[in-house]
Amino acid sequence: DPLPDRYIKGAALGTGTYGRVFKAVDTKTGQTVAIKKIHIGKQKDGVNFTALREIKMLKELKHPNIIELIDAFPHKGNLHLVFEFMETDLEAVIRDRNIVLSPADIKSYVQMTLKGLSFCHKKWVLHRDMKPNNLLIGSRGQLKLADFGLARLFGSPDRRFTHQVFALWYRAPELLFGAKQYGPGVDVWAAACIFAELLLRRPFLPGHSEMDQLGKIFAALGTPKPAQYSDMVYLPDYVEYQYVPGQPLQSLFPMASADALDLLSKMFVYDPKARISAQQALEHRYFSSGPPPTEPALLPRPP
Ligand code: ADP
């Protein structure tokens, strides 16, 4: 099915949480783009106004560390979202055994992630589904967060595709306890899991179910004491659990610097109200102490 004149459709790139993604050329700019097809079905009055308003707002979210939503249009029962094309993603970098990530490289990736997050959080936009394959990497090494705001617009992915559990690994404790109201802290928790994964080169908390996910979190960080997270007991899915002591982060990440561990410990705070914000994290001494973050263009990437 041909697209509106502006785009020349190319190869399929894959299928993601919301639908198929393919490569295309934007004839208006000559730019290579990635178009995400999202099935919305036949709606009485087209795409609803709330969705349109939100899409307009996402188009205005412009930052060097946010993937740009270039265009959005409905076509044959699908909403098409046009994004800038990106070469690879952080998951590919973490998985590539030929890539060595230095402390400065890790700092650079974490800093770019937090810069993107901080920008969106200031505009009250949450990501809600951060994971390494949502952190795309461009031809000049720049990391950009993809799929911002989509979880809220099109529903939580885990409810649509129950077989897709990997995002579970990055899920904040308040979400696992069933919190209906949550804030930017959910993205900071996910960023902490990604930070940890960069240090370990494997997922830090790979749970198999929501219960197992909480178990993995508790086994690593210790069960939260009521004084640490007093609102916890009021959350819908809260269950009493047996006390588990945490492990010192130093023993979990023996290769990390003291500054890295201090920041990590502030991102992995149970109470979302006490968790460090993305902006505060950027001001942490981890980013001002040596070594300085690697220039994006010099970061190691898969071939
Ligand atoms: P998921 O929902 O699982 O994160 P996506 O829908 O984002 O997956 O992406 C599906 C596939 O399309 C993936 O293989 C991803 O690498 C590719 N893709 C998504 N966005 C882009 C982009 N902007 N540039 C290049 N490839 C992309």
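In this predicted model, Tyr-7 has Asp-26 in strand β2 as its bridge partner. That pair belongs to a longer ladder, since strand β1 (residues 7-15) and strand β2 (residues 20-26) pair in the antiparallel sense over six bridges. The two strands form a hairpin with four residues between them, and Gly-19, placed in the turn, has a positive phi of about 150 degrees.

The pattern continues into strand β3 (residues 31-39), which pairs with β2 in the antiparallel sense, again over six bridges. Within this pairing Phe-22 stands opposite Ile-35 in β3. β2 and β3 likewise form a hairpin with four residues between them, and here the turn residue with a positive phi is Gly-30, at about 80 degrees.

**The annotated binding site**

The unreviewed UniProt entry carries an annotation, "binding site", that covers Leu-13, Gly-14, Thr-15, Gly-16, Thr-17, Tyr-18, Gly-19, Arg-20, Val-21, Lys-36 and Lys-37. Although these positions span 25 residues in sequence, no two of their C-alpha atoms are more than 13.3 Å apart, so they gather at one spot. Gly-14, one of the annotated residues, lies in β1 and counts as exposed because it has 9 C-beta neighbours inside 10 Å, where the limit for that class is 12 or fewer. Lys-37, also covered by the annotation, lies in β3 and is partly exposed, with 19 other C-beta atoms within 10 Å; a residue is counted as buried from 20 upwards.

Which residues is Lys-37 in contact with, leaving aside its neighbours within four places in sequence? They are Gly-19, Arg-20, Asn-78 and His-80. Of these, Gly-19 and Arg-20 are themselves named in the UniProt annotation.

**Phe-73 and its contacts**

His-80 appears again beside Phe-73, a residue of strand β4 (residues 69-75), which touches Pro-4 and His-80 when residues up to four places away in sequence are not counted. Phe-73 and Pro-4 are 69 residues apart along the chain, yet their C-alpha atoms are separated by 9.1 Å. Phe-73 is partly exposed, with 16 other C-beta atoms within 10 Å.

**The sheet β6-β7-β8 and helix α3**

Another part of the chain holds an open sheet of three strands in the order β6-β7-β8, with antiparallel pairing. Because β6 (88-89) and β8 (143-145) stand at the edges, each with a single partner strand, one side of each is left without a neighbour in the sheet. β6 and strand β7 (residues 135-137) run antiparallel and are joined by two bridges, and Asp-89 stands opposite Leu-136 in β7. Helix α3 packs on this sheet, touching β7 and β8, and its direction makes about 35 degrees with that of β8.

How many of the 20 residues of α3 are buried? The count is 16, so the helix is largely enclosed by the rest of the structure. Helix α7 is also mostly covered, with 15 of its 16 residues buried. The table sets out the spans of the two helices, for which the expected value follows from 1.5 Å a residue.

| Helix | Residues | Expected span | Distance between end C-alpha atoms |
|---|---|---|---|
| α3 | 103-122 (20 residues) | 28 Å | 28 Å |
| α7 | 185-200 (16 residues) | 22 Å | 22 Å |

For α3 the end-to-end distance agrees with the expected span, and the agreement holds for α7 as well. A residue with positive phi comes after each helix: α3 is followed by Trp-124, whose phi is near 60 degrees, while just after α7 Arg-201 takes a value of about 65 degrees.

**The chain as a whole**

Taken together, the chain has 12 helices and eight strands. Its radius of gyration is 20 Å, close to the 19 Å that the globule rule gives for 303 residues, so the chain is as compact as a globular protein of that length. Along the principal axes, its C-alpha atoms fill a box of roughly 60 × 45 × 30 Å. Of the 303 residues, 37% count as buried. As for the range of the contacts, among those between residues at least 6 apart in sequence, 66% join residues at least 24 apart.

Note on methods: Residues are numbered from 1 along each chain as its sequence is written. This is a predicted model: local features need pLDDT of at least 70, side-chain atom pairs count only at pLDDT 80 or more; totals for chains, interfaces and linings use all residues. UniProt positions are given in the numbering used here, feature names are shortened, and annotations may be inferred rather than shown by experiment. Two residues are in contact if their C-beta atoms, placed from the backbone, lie within 7 Å. Two strands pair if DSSP finds at least two bridges between them. The expected span of a helix is 1.5 Å times one less than its number of residues. Axes are lines fitted to C-alpha atoms, for helices over the stretch in contact, and angles run from 0 to 180 degrees between N-to-C directions. The radius of gyration is taken over C-alpha atoms; the globule rule is 2.2 Å times the number of residues to the power 0.38.
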